[in-house]
Amino acid sequence: MKMAWQLSESAARGLRRGMFLVAGIVLAAIAVFAVRLALDPDGPPAVQAIGGPFTLVDHNGRPVSDRDFQGRLLLVYFGFTNCPDMCPLAMQEVAVALDALGAASKDVQPLLVTVDPERDSPATMKRYVAQFHPAILGLTGTKEQTDAAARAYRVYAARAKGDSVEHHYSVDHTGLIYVMGKDGKYLAHFASGTSGATMAERLRRWL
């Protein structure tokens, strides 16, 4: 009887270990699936929670909202003018895409929304976007306004750790370019490093 009890207890421990292992595998699979949904540009409608109403100020100092862009495709990128690499590269490729689209680009509005409103005034944004393409519109506002826009687009943005100098710091942020439909709903996104030619090819689907 004692031996039978010992075997039963051992079997129970093995069963519990097996159950924990299976549970871990299931949770890992769910996590991978969730990440794929979030990152797949042609993913199912679950990712359409991206985007929403915003109220900001354009680089000419005029108040704008998401409603002002209804009827056009939007390319929405969150960045900042002091960004050393990722932001200028993204803007360069957006410019390439617009040029590749030719006359059809009139139906596309690229937006650069700052994640650094403390330094990015309308005048600063205007000088910055002018370096890339005349169609790109820079958007800024109060920190509350830009933070609200970032939340709507599920964008992460935070001052880089270790940067303590008041006006000399970087901002870590999401590097995706969101494609919003003419009705304002999420269609797709371009990952960092996507070429302008690829963007143009895909944008033609919705023009």
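The exchange below takes up the core, the aromatic rings and some charged side chains of this predicted model.

Colleague: Which residues of the largest nonpolar core touch the most other members, and which helix gives the largest share of this core?

Modeller: The core has 50 residues, and those touching the most other members are Val 76, Phe 78, Met 91, Tyr 153 and Tyr 178. The largest share of this core, seven residues, is supplied by helix H2.

Colleague: How is the aromatic pair of Tyr 153 and Tyr 178 classed: stacked, edge-to-face or tilted?

Modeller: Tyr 153 lies in the loop between helix H4 and strand E6, while Tyr 178 belongs to strand E8, so the pair links parts of the chain 25 residues apart. Both tyrosines are buried, and their ring centres are 5.6 Å apart. Because planes under 30 degrees apart count as stacked and those over 60 as edge-to-face, the angle of 55° makes this pair tilted.

Colleague: Which residue joins Tyr 153 and Tyr 178 in a cluster linked by ring pairs?

Modeller: Four aromatic pairs are counted in the model, including the tilted pair of Tyr 153 and Tyr 178. Ring pairs link these two tyrosines into a cluster with Phe 78.

Colleague: Is Asp 116 buried or exposed, and with which side chains does Asp 116 make polar contacts?

Modeller: Asp 116 is placed in the loop between strand E4 and helix H3, and its relative accessible area of 1% is under the 20% cut-off, so the residue counts as buried. Its side chain makes a polar contact of 2.5 Å with that of Arg 119, and another polar contact, of 2.6 Å, joins the side chain of Asp 116 to that of Tyr 169.

Colleague: Over which ring does the charged end of Arg 119 sit, and over which ring does that of Arg 159 sit?

Modeller: The charged end of Arg 119 is 3.7 Å from the centre of the ring of Tyr 169, over which it sits. For Arg 159 the distance to the ring centre is likewise given as 3.7 Å, and the ring beneath its charged end is that of Tyr 169.

Colleague: What is the N to O distance in the salt bridge between Lys 143 and Asp 147, and where do these residues lie?

Modeller: Lys 143 and Asp 147 both lie in helix H4, four residues apart, which is about one turn of the helix. Lys 143 is partly exposed at 42% relative accessibility, and Asp 147 is partly exposed at 29%. The closest N and O atoms of their salt bridge are separated by 2.8 Å.

Methods:
Residues are numbered from 1 along each chain as its sequence is written. This is a predicted model: local features need pLDDT of at least 70, side-chain atom pairs count only at pLDDT 80 or more; totals for chains, interfaces and linings use all residues. Side-chain values use heavy atoms; hydrogens and water are left out. A nonpolar core is a set of buried Ala, Val, Leu, Ile, Met, Phe, Trp, Tyr and Cys residues joined through side-chain atoms within 4.5 Å. Buried means under 20% relative accessible area, exposed over 50%, partly exposed in between (1.4 Å probe, protein chains only). Helices (H or I, at least four residues) and strands (E, at least two) are DSSP runs, numbered from the N terminus. Rings of Phe, Tyr and Trp (its six-membered ring) pair if their centres lie within 6.5 Å; planes under 30 degrees apart count as stacked, over 60 as edge-to-face and the rest as tilted. A charge sits over a ring if NZ of Lys or CZ of Arg is within 6 Å of the ring centre and within 35 degrees of the ring normal. A polar contact is a pair of N or O atoms within 3.5 Å; within protein, one must be able to donate a hydrogen and the other to accept it, and residues adjacent in sequence count only if both atoms are side-chain atoms. A salt bridge is a side-chain nitrogen of Lys or Arg within 4 Å of a carboxyl oxygen of Asp or Glu.
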